[in-house]
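Biologist: I'd like a close look at a single part of this protein, explained for someone in their first year. Could you pick out the sheet and then walk me through the charged side chains around it?

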Amino acid sequence: MKQAKFVGTSLSDIREFPDKARQRTGYQILKVQKGEEPTDWKAMNSIGSGVKEIRIHFKNEYRIIYTTKFENTVYVLHAFHKKTQKTRKKDLDIARQRYKAISNR
């Protein structure tokens with residue numbers, strides 16, 4: 001099983017999700033750690049190669065951007081509450097910066 005590493009504020013951001021959304025997030029990350037696909041996801045190649053977004057639907061929309069491209073690790077790059085149809089540039093930029101930071105290690 002892969003280990004999970006939370007980059008930047010991603011863990012504290014997840015902790016701010018409502019209980020049910022946080023539980024669903026944990027379950028989906030565990031699936032990824034086991035080598036399985038999340039229930040609802042999409043590729044985020046605009047951020048970087050191998051980057052994916054987990055979609056959590058609970059009253060509102062929550063997103064977790066991660067990659068498994070490096071080592072034997074799931075890197076959780078960013079987590080946020082999605083308030084509009086389109087993902088905000090700010091959230092994409094945060095994920096890009098964090099992806100770049102782990103890529104340069």
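Modeller: Here is a walk through the sheet, the helices on it and some charged residues. Keep in mind that this is a predicted model.

Let's start with the sheet. It is an open one with five strands, and if you read across it the order goes β1-β5-β4-β3-β2, with mixed pairing. The two edge strands are β1 (3-6) and β2 (41-43); each has a single partner strand, so one side of each is left without a neighbour in the sheet. On average, neighbouring strands here are turned by 30° against each other, if you ignore direction.

Zoom in on the β1 edge. Strand β1 runs parallel to β5 (residues 73-82), and four bridges join the two. One spot to look for is Phe-6, which stands opposite Val-76 in β5.

Now add the helices. Helix α3 (residues 89-103) packs on the sheet and touches β3, β4 and β5, and its direction makes about 165° with that of β5. Helix α2 (residues 19-33) lies across β1, β3 (51-58), β4 (60-67) and β5, running at about 145° to β3.

On to the charged residues, beginning with Arg-63. You'll find Arg-63 in strand β4. Is Arg-63 buried or exposed? Its relative accessible area is 6%, so Arg-63 counts as buried. Leaving out residues up to four places away in sequence, Arg-63 touches a whole list of others, including Phe-17, Glu-53, Ile-54, His-78 and Phe-80. The side chain of Arg-63 also makes a polar contact of 3.0 Å with that of Glu-61.

Compare that with Arg-98, which sits in helix α3. Arg-98 is buried yet has no salt bridge; the nearest side chain of opposite charge belongs to Asp-13, 4.6 Å away. A salt bridge, as counted here, needs the nitrogen and the oxygen within 4 Å. If you set aside neighbours within four places in sequence, Arg-98 is in contact with Val-7, Gly-8, Thr-9, Ser-10, Leu-77 and His-78.

How many salt bridges turn up in the whole structure? The search finds eight, and a few are worth a visit.

Inside helix α2, Arg-22 and Asp-19 are three residues apart, about one turn of the helix. Their side chains meet in a salt bridge at 2.5 Å, N to O. Arg-22 is partly exposed, with a relative accessible area of 30%, and Asp-19 is partly exposed too, at 49%.

Next, look at Asp-40 and Arg-55, whose side chains meet in a salt bridge of 3.6 Å, N to O. This pair links distant parts of the chain: Asp-40 is in the loop between α2 and β2, while Arg-55 is in strand β3, 15 residues apart. Asp-40 is partly exposed at 24% relative accessible area, and Arg-55 is partly exposed at 26%.

Then there's Arg-88 with Asp-91, joined by a salt bridge of 3.0 Å, N to O. Here the two partners have different surroundings: Arg-88 is partly exposed at 44% relative accessibility, whereas Asp-91 is buried, with a relative accessible area of 3%. Elsewhere, salt bridges that share partners join Glu-53, Glu-61 and Arg-63 into one network. That brings us back to strand β4, where Arg-63 is found.

Notes: Residues are numbered from 1 along each chain as its sequence is written. This is a predicted model: local features need pLDDT of at least 70, side-chain atom pairs count only at pLDDT 80 or more; totals for chains, interfaces and linings use all residues. Side-chain values use heavy atoms; hydrogens and water are left out. Two strands pair if DSSP finds at least two bridges between them. Axes are lines fitted to C-alpha atoms, for helices over the stretch in contact, and angles run from 0 to 180 degrees between N-to-C directions. Contact means heavy atoms within 4.5 Å. Buried means under 20% relative accessible area, exposed over 50%, partly exposed in between (1.4 Å probe, protein chains only). A polar contact is a pair of N or O atoms within 3.5 Å; within protein, one must be able to donate a hydrogen and the other to accept it, and residues adjacent in sequence count only if both atoms are side-chain atoms. Lys and Arg count as positive and Asp and Glu as negative; His and the chain ends are not counted.
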